[in-house]
Amino acid sequence: MDDINQYYKILELEPGASLEEVKEAYRDLAFVWHPDRFVHNTRLQARATIRLKEINEAYHKLRHFLNNSQNQVISPKPTPHRPPPPPNPYTPPQSPQRPRNSYTNHGQQVYTQTSTRQPNSTTFCIPWGSLISTFIFYTMTAWVLVASQAPTWTWAVVEGVAWMGMTVLAIEGSSSQRCWALAMLGAGGGAGWIAGNYVGGIATAWAWTIVGCSLGIIAGTEPKAKTVAAVVTIDGVIALIGFLAGQGAENIFVVVVGSIIWSASGFVFGTIVDAAITSKTGTGVSGMLGFVLGAWVGAWSAAWNSTRSKNVAIALVSAGPNIIIGCWVAIGIVAGVISQMLAGEKLIEYLNGFFTFVILVIISGFGLSFGWWLSINIINN
């Protein structure tokens, strides 16, 4: 029993708290002490890792204990009921009672954190909106793949991305920043490969896969604004280079040089604007925008001149339908994974990783199957 009380103490609960209170406390503390929140401080991240391990152990032990116990609330020993004494009119008013979790340090009263959670009636709530969205987006993706007569490997990429997100969520046991980053990395990479293959073949597919993976990681984490600007700038140039390489363009090196020169010029101009507008502290917004837009303008202008405007225009026009198909598939993959992760976040609060995985597999599988069946029947008819 001492171990059980210690587990309650780790979760900042009083002995005898209900299973619902234990789950709520676990979710709150797991969020507060998750190591991903301290990536910029190794000392705090190491401390958070140890703390989260203790929280996980306490939660699993208490959940097992309460599930196997007939009485989920440990009642204290009954004490004889005594009526309160009548108030004494001559007794002076007393100061508010000191909290139990407090101590005195050199004459100063110090308070420590206490649990203020109240019993609640948390019930299982099915995330119908996210599950329906998952079904719809996978149905749309399958429809486009069948209508465009996509090769078999395209289906394998879509299913692999879907399974990757569900597997990561099931293994983690709860939603976290790392979980989202891995899921979005797979979604972005798969979407980039399919879209690039439709637009310009293998060369474009490899370039757009790199772009999709980096954008997916950015979308699944909380980076700084300057990091986002740098990634978006580089990804824009890589996407253009991949497109031109897929169309057989030459002198791609000129595109890189043009983007570097123009990005430097745009950054300098934006920095001057920042200094002129903000007298004390500059936010650097103009500098970042100048960096991004300068790199894109430089890359496009260099591509236009080096590959000749006619060739670029022909490449864009010829790739138009394929760009639309590739974008639709990419949108369906990314949106499906996001809806899938949102549904998994809610389900895994009440179910374990296995059942969450099974439910998401069924929904995504039904969506792909229904989209395939629907498009086959409509095309044949």
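Colleague: Let me start with helix 9: which of its residues are buried?

Modeller: Buried means under 20% relative accessible area, exposed over 50%, and partly exposed in between, using a 1.4 Å probe and protein chains only. In helix 9, the buried residues are Val255, Gly258, Ser259, Ser263, Gly266, Gly270 and Asp274. Keep in mind that this is a predicted model, where local features need pLDDT of at least 70 and side-chain atom pairs count only at pLDDT 80 or more, while totals for chains, interfaces and linings use all residues. Residues are numbered from 1 along each chain as its sequence is written, and side-chain values use heavy atoms, with hydrogens and water left out.

Colleague: What sets the helix numbers, and how many helices and strands does the chain have?

Modeller: Helices (H or I, at least four residues) and strands (E, at least two) are DSSP runs, numbered from the N terminus. Here the chain has 13 helices and 2 strands. Of its 381 residues, 36% count as buried.

Colleague: How far apart are the end C-alpha atoms of helix 9?

Modeller: The expected span of a helix is 1.5 Å times one less than its number of residues. For the 26 residues of helix 9 that gives 38 Å, and its end C-alpha atoms are 37 Å apart, which agrees. Helix 6 can be read in this way too: its 24 residues should span 34 Å, and the ends are 33 Å apart, again in agreement. Of those 24 residues, 19 are buried, so helix 6 is largely enclosed by the rest of the structure. Just after helix 6 comes glycine 201, with a positive phi of about 90 degrees.

Colleague: Back to helix 9. Which residues make the nonpolar surface patch?

Modeller: Patches are made of residues with over 30% relative accessible area and no salt bridge, joining like charges within 9 Å and nonpolar side chains (Val, Leu, Ile, Met, Phe, Trp, Tyr) within 5 Å. Areas come from the Shrake-Rupley method with a 1.4 Å probe, and for residues only the protein chains shown count as cover. In this model Phe253, Val257, Ile261, Trp262 and Val297 make a nonpolar patch of about 500 Å². Helix 9, residues 252-277, gives the most to it, with 4 residues. Tryptophan 262 lies in that helix, and its relative accessible area of 44% makes it partly exposed.

Colleague: And inside, which residues have the most contacts in the largest nonpolar core?

Modeller: In soluble globular proteins, nonpolar side chains tend to be buried together. A nonpolar core is a set of buried Ala, Val, Leu, Ile, Met, Phe, Trp, Tyr and Cys residues joined through side-chain atoms within 4.5 Å. The largest one here has 32 residues, and Leu145, Val158, Ile333, Val337, Met341 and Leu360 have the most contacts inside it. Helix 4 (128-147), helix 5 (152-172), helix 6 (177-200), helix 12 (320-347) and helix 13 (353-380) each supply at least two of its residues. A second, separate core has 19 residues, including Ala17, Leu19, Ala30 and Leu52.

Colleague: What does leucine 145 touch?

Modeller: Contact means heavy atoms within 4.5 Å. Not counting residues up to four places away in sequence, leucine 145 touches Ala150, Thr154, Trp155, Val158, Tyr198 and Val329. Another example is methionine 288 in helix 10, residues 285-306, which counts as buried at 18% relative accessibility. Leaving aside neighbours within four places in sequence, methionine 288 is in contact with Ala225, Lys226 and Ala229.

Colleague: How many salt bridges are there?

Modeller: A salt bridge is a side-chain nitrogen of Lys or Arg within 4 Å of a carboxyl oxygen of Asp or Glu. By this rule the count is 2. Glutamate 12 pairs with arginine 51, their closest N and O atoms being 4.0 Å apart. Glutamate 12 lies in the loop between helix 1 (2-10) and helix 2 (19-32), and arginine 51 in helix 3 (residues 42-68), so the pair ties together parts 39 residues apart in sequence. Glutamate 12 also has a positive phi near 60 degrees, in a residue other than glycine.

Colleague: Which residue forms the salt bridge with arginine 51 at 4.0 Å, N to O, besides glutamate 12?

Modeller: An α-helix has 3.6 residues a turn, so residues three or four places apart point the same way. Arginine 51 meets glutamate 54 in a salt bridge, and the two, 3 residues apart in helix 3, are separated by about one helical turn. Arginine 51 is buried at 17% relative accessible area, while glutamate 54 is partly exposed at 35%. Glu12, Arg51 and Glu54 are thus linked in a network of salt bridges.
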